[in-house]
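Work through the exercises below with the sequence and the model open. Each task is followed by a solution in steps.

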Amino acid sequence: VAATAATAATAAVPTPIAEVAMVDIFTSDALGPAVCVVCTLYIGYVVFTGVQTIKSLKEELTAMGYDVTDFNRVGELKSIRRAVENGSIDDILDKVWYMRSVESVGVGSIVQVQRVQAYWKKKGIDVKTLADLNKVREYMIKKYGIDAKMT
C-alpha cells in the first residue's frame, strides 16, 4: 500500500514539462496563431526561392547546352554550374551520381535506383546489387584518388 501511495503522490506533482504542456497558447493569447503564420510564411518563402533558383539554374545550364533534366536540387545544380565555369563538368557529374547512388541505397525509390543504374551502365559499370556499389566506389577512387572530395 505504501508503494502505491508514493507512486500516486509522485504522479500528482506536475513536472516543468507537464506545466508547459498544460498551457494552451492558442486560446490564452495571439502568440500561437502568430507563430504559426510566421512559420508558414517562412516555409513558403524558402520553397518559393528554392523553386525560382532551380528554375533559373536549369535555364542557364540548358542555354549553355547541358542536359540537366535529371537534376532538381539546388546544391547539385550549383555544383554543376561551378564545374561548367571551371571546365570540370564530367568530374562533377560522376560525383553527383555517386552521391545519388549512395543515397538511393538507403532511401531511394525504384525510379531513382533505375536512373543510377542507367548512369553507371553508360560508364561500363553494371550495378544490380548493393555489393556492386563497391565497383562504383573503386571506379571513383581510381579516377579521382582516395582523398578526393566526392560531393
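The chain follows the pattern α-α-α-α-α-α-α-α along its sequence. The model is a predicted one.

**Exercise 1. Overall make-up**

Task: State how many helices and strands the chain has, and what share of its residues count as buried.

Solution.
- Step 1. Counting elements gives eight helices and zero strands.
- Step 2. The chain has 151 residues, and 23% of them count as buried.
- Step 3. The exposed surface of the chain comes to about 10,600 Å², with 63% of it supplied by carbon and sulfur atoms.
- Step 4. Take the contacts between residues at least 6 apart in sequence: 35% of these join residues at least 24 apart.

**Exercise 2. Helix α4**

Task: Compare the reach of helix α4 with its expected span, then find its buried residues and its nonpolar surface patch.

Solution.
- Step 1. Helix α4 covers residues 31–63, which is 33 residues.
- Step 2. From first C-alpha to last, α4 reaches 48 Å, close to the 48 Å expected at 1.5 Å a residue.
- Step 3. Buried means under 20% relative accessible area. In α4 the residues that count as buried are Gly 32, Ile 54, Leu 57, Lys 58 and Leu 61.
- Step 4. An α-helix has 3.6 residues a turn, so residues three or four places apart point the same way. Ile 54, Leu 57, Lys 58 and Leu 61 are among the buried residues to inspect with this in mind.
- Step 5. On the surface, a nonpolar patch is formed by Tyr 42, Ile 43, Tyr 45, Val 46, Val 47 and Val 51, with about 630 Å² of accessible area together.
- Step 6. One member of the patch, Tyr 45, is placed in helix α4 and counts as exposed at 53% relative accessibility.
- Step 7. Just after α4, Gly 65 has a positive phi of about 100 degrees.

**Exercise 3. Salt bridges**

Task: Determine how many salt bridges the whole structure has, and which parts of the chain are tied together by Arg 81 with Glu 60 and by Glu 76 with Arg 100.

Solution.
- Step 1. Side chains of opposite charge can pair when their charged atoms come close. A search of the whole structure returns eight salt bridges.
- Step 2. In the salt bridge of Arg 81 with Glu 60, the closest N and O atoms are 3.5 Å apart. Arg 81 belongs to helix α5 (residues 74–86) and Glu 60 to helix α4, so this pair ties together parts 21 residues apart in sequence.
- Step 3. Both ends are partly exposed: Arg 81 at 25% relative accessibility and Glu 60 at 29%.
- Step 4. Between Glu 76 and Arg 100 the closest N and O atoms of the salt bridge are 2.8 Å apart. Glu 76 lies in α5 and Arg 100 in helix α6 (residues 89–107), so the pair ties together parts 24 residues apart in sequence.
- Step 5. Glu 76 is buried, with 11% relative accessible area, and Arg 100 is buried at 14%.
- Step 6. Glu 76 and Arg 100 also belong to a network of salt bridges that links them with Arg 73 and Glu 103.
- Step 7. Lys 135 and Asp 132 form a salt bridge at 3.4 Å, N to O. Lys 135 counts as partly exposed at 40% relative accessibility, whereas Asp 132 is buried at 12%.

**Exercise 4. The surroundings of Gln 112**

Task: Say where Gln 112 is placed and which residues it contacts beyond its neighbours within four places in sequence.

Solution.
- Step 1. Gln 112 is in helix α7 (residues 110–122) and counts as partly exposed at 29% relative accessibility.
- Step 2. Beyond those neighbours, Gln 112 contacts Arg 73, Glu 103, Ser 104 and Val 107. Arg 73 and Glu 103 are members of the salt-bridge network.
- Step 3. The C-alpha atoms of Gln 112 and Ser 101 are separated by 8.5 Å, with the two residues 11 apart along the chain.

**Exercise 5. The largest nonpolar core**

Task: Identify the residues that touch the most other members of the largest nonpolar core, and the elements that give it two or more residues.

Solution.
- Step 1. In soluble globular proteins, nonpolar side chains tend to be buried together.
- Step 2. The largest nonpolar core has 23 residues, of which Phe 71, Leu 77, Ile 80, Trp 120 and Val 136 touch the most other members.
- Step 3. Two or more residues of this core come from each of α4, α5, α6, α7 and α8 (133–144). The largest share, five residues, is from α6.
- Step 4. Leaving aside neighbours within four places in sequence, Trp 120 is in contact with Asp 94, Trp 97, Tyr 98, Ser 101, Ile 125, Val 127, Val 136, Tyr 139 and Met 140.

Notes. Residues are numbered from 1 along each chain as its sequence is written. This is a predicted model: local features need pLDDT of at least 70, side-chain atom pairs count only at pLDDT 80 or more; totals for chains, interfaces and linings use all residues. Side-chain values use heavy atoms; hydrogens and water are left out. The expected span of a helix is 1.5 Å times one less than its number of residues. Buried means under 20% relative accessible area, exposed over 50%, partly exposed in between (1.4 Å probe, protein chains only). A salt bridge is a side-chain nitrogen of Lys or Arg within 4 Å of a carboxyl oxygen of Asp or Glu. Patches are made of residues with over 30% relative accessible area and no salt bridge: like charges are joined within 9 Å, nonpolar side chains (Val, Leu, Ile, Met, Phe, Trp, Tyr) within 5 Å. Accessible areas come from the Shrake-Rupley method with a 1.4 Å probe; for residues, only the protein chains shown count as cover. Contact means heavy atoms within 4.5 Å. A nonpolar core is a set of buried Ala, Val, Leu, Ile, Met, Phe, Trp, Tyr and Cys residues joined through side-chain atoms within 4.5 Å.
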